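Student: I am new to this structure. Could you take a close look at the charged side chains and the aromatic rings, and tell me how they pair up?

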Amino acid sequence: MAWRLVLSRTNTKTQTLNPNSNPFLSLFFTSPFSTSFLVTKTPKKFKKKRKRNKESPRTKHVQSNPNLIPHFERIVQRDSHFRFATKSKTFLSSQPEHVLRLDDAGKLHRELGFPRGRKVSRSILRHPLLFQTYRHTDSKMWFGFTDLMEDLLLEEQAIFNSMESQRVATVRKLLMMSVNKRIALSKIHHCRQIFGIPEDFRDRVLKYPDFFRVVVEGDGRRVLELVNWDPSLAVSALEMEFMVDEDKAKRAFKFPVKHGKDLDLDFEDSRKLNLLNTLPLVSPYSGDGSKLDVWTLEAEKYRVGVLHEFLSLTLEKRASIHHIVEFKEEFSLTRHTYQMLLKQPRTFYLAGTEMNWVVFLKDAYDENGVLINKDPQVVFNEKLCRLAEMQEMEPGFCL
């Protein structure tokens, strides 16, 4: 009986709420008045505004719009665009037969330079003239070079062989600039591409016992040491420029002299006073920089001179923070290197973001951002980038 009572009550409520059985409810449900005036959402003016996150060093650009030099920024963007082509070329060249299983390649996003979480096949398809996939006899898909790319590697090897004496001189100058005239082979290997040094340079240095000595330390690290000092190499690019155009060299840097207001110097006198401290007074090859007090003006001039010479030795007269940090101990650099370079805008230009910046030697480029003196390796790299952009060989393209 209980369930009948519940059912009857339910039916009664249903009949009560039925508009067809109650004239008053019928008028309510068919009311012509709108209820759109009812506020169902919080108006925008009463909503709490989210505070925008401040730009982090990872995303904040070094230069503001007034100081921006577009052609240098475009070079940094170009490097990012061709990261997969350049890093995959380097990694595959070190593999047996220059091939890699596609399944394995998909796990090597850092080594091959493609975005993490993306399929490596998407990056391969962007450069059909350089890379290809094929099915091996083991029924697995493999990733390797095209015939055109294999020919380009032979061309690059010929450049390495023809430029070997120049690259040896570059490594000697790096050792001569270092504090103890020794640098770990791993550091030079990590930065080899910006100097045009070949992959097998660790074997090539053994051909020059009069210049280099390889020492194995207790932890197994191999270190390259300088054997003989060459005075003819101990001349920096800045010193050579000074001999050609003294006024231009004096304008390259600016180290303002702090003085009291009681001197009451006019503009011309202040300029002459600052000119006394314009050039780095300590040669990067003197070896005395490490003995200087870190916070003195002379020490800062030494570090500026070292970085100027370091960039002069690179192929494209530029280097990233990662390359410079590698030689922090060898060149007596401090953690204030970034701010130090920003203080010399006449000579250096910093592009990219605060965490991942690239420093350029401005005078090495023309007004259109084209490198004035191009090494044969630079010419080859530019051709490789043009081929990487093509989906098919363009008629008349000269290899």
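Tutor: What follows goes through the salt bridges, then a patch of charge on the surface, then the aromatic rings. The model is predicted.

Side chains of opposite charge can pair when their charged atoms come close. In this structure the count comes to 24 salt bridges. One of them joins Arg78 and Glu316, with 3.6 Å from N to O. This pair links distant parts of the chain: Arg78 belongs to helix α3 (residues 70-81), while Glu316 sits in the loop between α16 (297-313) and β7 (318-320), 238 residues apart. Arg78 has a relative accessible area of 30%, so Arg78 is partly exposed.

Another salt bridge is formed by Lys187 and Glu330, whose closest N and O atoms are 3.1 Å apart. Lys187 lies in helix α10 (residues 185-190) and Glu330 in the loop between α17 (321-326) and α18 (337-342), so the pair ties together parts that are 143 residues apart in sequence. Both ends count as buried because the cut-off is under 20% relative accessible area: Lys187 has 13% and Glu330 has 10%.

In the salt bridge between Arg192 and Glu199, the N to O distance is 2.8 Å. Arg192 is buried, at 10% relative accessibility, whereas Glu199 is partly exposed, at 37%. Salt bridges also link Arg182, Arg213, Glu217, Arg221 and Glu225 into a network.

Next comes the surface. Arg83, Lys87, Arg110 and Arg116 form a positive patch there. Of these residues, Arg110 lies in helix α6 (residues 109-112), and its relative accessibility of 61% makes Arg110 exposed.

Turning to the rings, a search of the whole structure finds 16 aromatic pairs. In one of them, the ring centres of Phe131 and Phe145 are 6.0 Å apart and the planes stand at 35°, so the pair is tilted. Phe131 is in strand β2 (residues 131-135) and Phe145 in strand β3 (residues 141-145), 14 residues apart. Phe131 and Phe145 are both buried.

For Phe195 and Phe310, the centres are 5.5 Å apart and the planes are at 85°, so this pair is edge-to-face. Here too distant parts of the chain are linked, since Phe195 is in helix α11 (residues 192-195) and Phe310 in helix α16, 115 residues apart. Phe195 is buried at 1% relative accessibility, and Phe310 is buried at 2%. Elsewhere, Phe72, Tyr349, Phe360 and Tyr365 make up one aromatic cluster.

Definitions and conventions: Residues numbered from 1 in each chain as written. Predicted model: local features only at pLDDT ≥ 70, side-chain atom pairs only at ≥ 80, totals over all residues. Heavy atoms only, no water. Patch = residues over 30% accessible without salt bridge, like charges linked within 9 Å, V, L, I, M, F, W, Y side chains within 5 Å. Areas by Shrake-Rupley, 256 points an atom, 1.4 Å probe, with all protein chains shown as cover. Salt bridge = Lys/Arg side-chain N within 4 Å of Asp/Glu carboxyl O. Lys, Arg positive; Asp, Glu negative; His and termini not counted. Charge placed at Lys NZ, Arg CZ, Asp CG, Glu CD. Helix = DSSP H or I, 4+ residues; strand = E, 2+ residues; numbered from the N terminus. Buried < 20%, exposed > 50% of the residue type's maximum accessible area, 1.4 Å probe, protein only. Phe/Tyr/Trp six-rings, centres within 6.5 Å; stacked < 30°, edge-to-face > 60°.
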